Structure formats: C-alpha cells, structure tokens
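Colleague: Please pick a single part of this model and take me through it closely, with each term explained as it comes up.

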Amino acid sequence: MKLREIMSDSVIKIHPDESVAVAARTLARYNIGALPVCEDSGKLCGVVTDRDLVTRCLASGHTPESTKVREVMTKNVVSASAEMESGVAAHLMGRQQIRRLPVVEQGKLCGMVSLGDLAVREESCMDAADALGDISSNISMG
C-alpha cells in the first residue's frame with residue numbers, strides 16, 4: 001500500500017517566522033505533537049515538536065513570544081514520497097527513531113503519516129509494531 005492511500009492530507013502546518021507561542025497554542029488546539037514547518041510556497045523546511053519547544057526554547061531561557069519557530073525547529077527532516085510503500089515507510093521511521101513522517105511531492109508538503117496510521121492497516125501493522133519496537137529500544141530508563 002502506498003503512503004498516498006493512508007496519509008492525512010489535511011495537515012496543520014506553521015510558518016518558520018511564527019512565534020514559538022503560536023506553535024505551542026496550535027499544538028494544544030489540535031492536540032498534536034508535531035507541526036511541519038513550511039515556507040509560503042509550501043516547501044517543507046522543518047518540523048517542530050512539543051519537545052523542541054521545551055528543550056530548545058523554554059529550557060534554554062528563551063521567551064516563546066519573541067522566539068521564532070525557525071530557531072527551535074528540527075531542520076534535517078526525514079520525509080517520504082507519496083508513492084513510498086507503507087512497509088518501507090515503517091522501516092524508515094523505526095531506523096530514524098520518528099513517529100511522524102511528512103510526505104512530500106516536489107519538495108512540497110502534501111501529507112503526514114504516523115505510526116498509528118500504519119498500525120491500523122493490516123498490511124503494515126507488523127511493520128509499524130517493529131518500527132515502534134525500534135524507537136522504544138532507544139529509550140533509556142534511568
């Protein structure tokens with residue numbers, strides 16, 4: 001199954017010049033943990049997570065209202081093509097230790113796939129379980 005068939009195509013995103021405060025409110029409003037960061041053209045330039053906001057803004061003593069998303073976002077984004085097979089995507093997510101995968105076409109964001117999206121599909125359920133196992137094995141408990 002192709003990612004195009006299972007991805008969420010109505011993606012909430014944010015501009016890199018928005019403030020961290022706006023990003024935090026957006027994450028809370030939509031009850032999500034990550035926002036793709038896109039230029040006006042739709043080009044994916046990063047991802048900002050709730051963890052990024054805490055570790056790169058708050059814990060560093062920056063003010064959310066005056067700190068731009070571009071200053072705290074993850075810039076080296078792992079993404080996938082809409083034509084990628086779901087099993088390949090699950091393995092990529094496990095290997096890269098990520099739970100959400102932006103889907104791009106010609107450099108522009110067109111959707112998002114989560115491990116949950118993969119887990120509810122019979123064809124990729126075991127791949128998603130393996131990916132979650134890979135991600136969880138990297139967590140230290142101490």
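Modeller: What follows is a close look at a pair of helices, and then a short look at the sheet.

The model is predicted, so local features need pLDDT of at least 70 and side-chain atom pairs count only at pLDDT 80 or more, while totals for chains, interfaces and linings use all residues. Residues are numbered from 1 along each chain as its sequence is written, and side-chain values use heavy atoms, with hydrogens and water left out.

Helix H2 (residues 20-30) packs with helix H3 (residues 50-58) at an angle of about 150°, and their axes are 10 Å apart. Helices here are DSSP runs of H or I of at least four residues, strands are runs of E of at least two, and both are numbered from the N terminus. Axes are lines fitted to C-alpha atoms, for helices over the stretch in contact, and angles run from 0 to 180 degrees between N-to-C directions. H2 and H3 are therefore roughly antiparallel to each other, a label given to angles over 145 degrees. Val20, Ala23, Ala24 and Leu27 of H2 make the contact with Asp50, Leu53 and Cys57 of H3, where contact means heavy atoms within 4.5 Å. These residues divide into 6 nonpolar, no polar and 1 charged, with Ala, Val, Leu, Ile, Met, Phe, Trp, Tyr, Cys and Pro counted as nonpolar, Asp, Glu, Lys and Arg as charged, and the others, Gly among them, as polar.

Elsewhere, 3 strands form an open sheet in the order E3-E4-E5, with mixed pairing, and two strands pair if DSSP finds at least two bridges between them. E3 and strand E4 (residues 100-105) run parallel and are joined by 2 bridges.

Definitions and conventions: Angles under 35 degrees count as roughly parallel, over 145 as roughly antiparallel, 65 to 115 as roughly perpendicular and the rest as oblique.
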